[in-house]
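Visitor: Hi! Could you walk me through this model?
Guide: Happy to, here it is.

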Amino acid sequence: MSVKLTTRQVGDVTVVDVAGRITLGEGSSALRDAVRDMVSKNQKKILLNLGDVSYIDSSGIGELVSGFTTVTNGGGNLKLLNLNKRVKDLLQITKLYTVFEVHEDEAAAIRSFA
Amino acid sequence: MQENANRAPETVEVLLDSTLESVDSAEELAVGMAERAGVDEDDLMKIGMAVRESMVNAVVHGNRYSAHKKVRFSVAANGERFTVQIADAGEGFDFASIPDPLAPENLLRTSGRGIFLIRSFMDDFQMRHLESGGTEVTLVKNLVSK
């Protein structure tokens with residue numbers, strides 16, 4: 001399975017449930033397209049739920065960074081939710097864990113955008 | 001990792017097309033061999049990811065997806081070491097030009113983390129220029145008990 005992205009709206013926050021593999025090719029381009037689509041619709045509060053991400057490579061990490069800078073440069077916020085150990089470890093060794101705002105509880109994450 | 005010294009040595013060498021499907025195949029092949037060599041789950045993930053990153057470099061940056069260029073992929077498990085060699089037929093590159101992805105000015109770059117991750121996940125990682133012009137990388141994971 002590659003990646004599956006499901007978008008839902010919670011108040012003014014757009015939550016993207018990401019499942020599967022974010023790797024070079026279909027996975028990373030799907031994430032890139034989704035973020036660009038949200039930015040084009042002027043959605044400025046974006047929460048990426050990575051709880052069901054089974055695998056992410058350096059290309060996928062690059063897409064998370066790209067999404068973060070795209071949304072931030074547009075005056076918005078992109079935050080991460082539910083990192084599994086593998087993704088958390090990768091963000092830590094690449095020193096990106098402190099770049100992103102990471103949450104473990106969805107309700108708290110939604111409130112943090114207020 | 002235990003009892004690796006009792007396992008039979010296994011070696012595989014294949015020529016792969018310069019496609020993303022080959023990246024998946026190489027990762028699958030290496031992880032399967034590593035599993036048979038007694039590698040634990042955490043190191044299986046590390047080997048798989050290091051192989052994936054190396055194959056992406058060979059296919060995308062080395063051979064630039066050329067239908068006329070192959071990637072030579074070999075894996076050997078001998079009880080003490082799990083060794084992967086990947087050689088492309090590209091034009092090579094200056095190893096000193098690889099930026100440090102942890103430098104503050106590079107943290108928000110969208111690429112350039114592959115080799116850093118490979119070094120992080122393997123016990124040894126070497127790169128060399130081939131006389132034919134391509135690049136060969138050697139990835140080693142020690143199988144002896146830690």
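Visitor: How many residues are buried in strand 4 of chain B?
Guide: The count is 0 among the 6 residues of strand 4 (124-129) of chain B, so that strand is hardly covered. Buried means 20 or more other C-beta atoms within 10 Å of a residue's own, exposed means 12 or fewer, partly exposed is in between, and C-beta atoms are placed from the backbone. Strands (E, at least two residues) and helices (H or I, at least four) are DSSP runs numbered from the N terminus.

Visitor: Anything I should know about the source?
Guide: This is a predicted model, where local features need pLDDT of at least 70, side-chain atom pairs count only at pLDDT 80 or more, and totals for chains, interfaces and linings use all residues. Residues are numbered from 1 along each chain as its sequence is written, while chains are lettered from A and ligands numbered from 1 in the order in which they are written.

Visitor: Back to chain B: in which sense do strand 4 and strand 5 pair?
Guide: Strand 4 and strand 5 (residues 135-142) of chain B are antiparallel, with 6 bridges; pairing takes at least two DSSP bridges between two strands. The two form a hairpin with 5 residues between them, and Gly133(B) in the turn has a positive phi of about 110°. His129(B) has Thr135(B) in strand 5 as its bridge partner.

Visitor: And what is the strand order in the open sheet?
Guide: The 5 strands of that chain B sheet go 1-2-3-5-4, with antiparallel pairing. Strand 1 (10-17) and strand 4 of chain B are the edges, each pairing on one side only. Strand 5 of chain B is also joined to strand 3 (residues 81-87) of chain B, by 7 bridges.

Visitor: Now the helices: how do helix 1 and helix 2 of chain B cross?
Guide: The axes of helix 1 (residues 20-36) and helix 2 (residues 41-62) of chain B come within 9 Å and cross at roughly 150°. Axes are lines fitted to C-alpha atoms, for helices over the stretch in contact, with angles from 0 to 180 degrees between N-to-C directions. The two helices of chain B are therefore roughly antiparallel, the word for angles over 145 degrees.

Visitor: Switching chains, is Asn49(A) buried or exposed?
Guide: Asn49(A) is buried, because 21 C-beta neighbours lie inside 10 Å. Asn49(A) sits in strand 3 (residues 45-56) of chain A.

Visitor: What does Asn49(A) touch?
Guide: Leaving out residues up to four places away in sequence, its contacts include Val16(A), Val18(A) and Leu81(A); contact means C-beta atoms, placed from the backbone, within 7 Å.

Technical notes:
Two residues are in contact if their C-beta atoms, placed from the backbone, lie within 7 Å. Angles under 35 degrees count as roughly parallel, over 145 as roughly antiparallel, 65 to 115 as roughly perpendicular and the rest as oblique.
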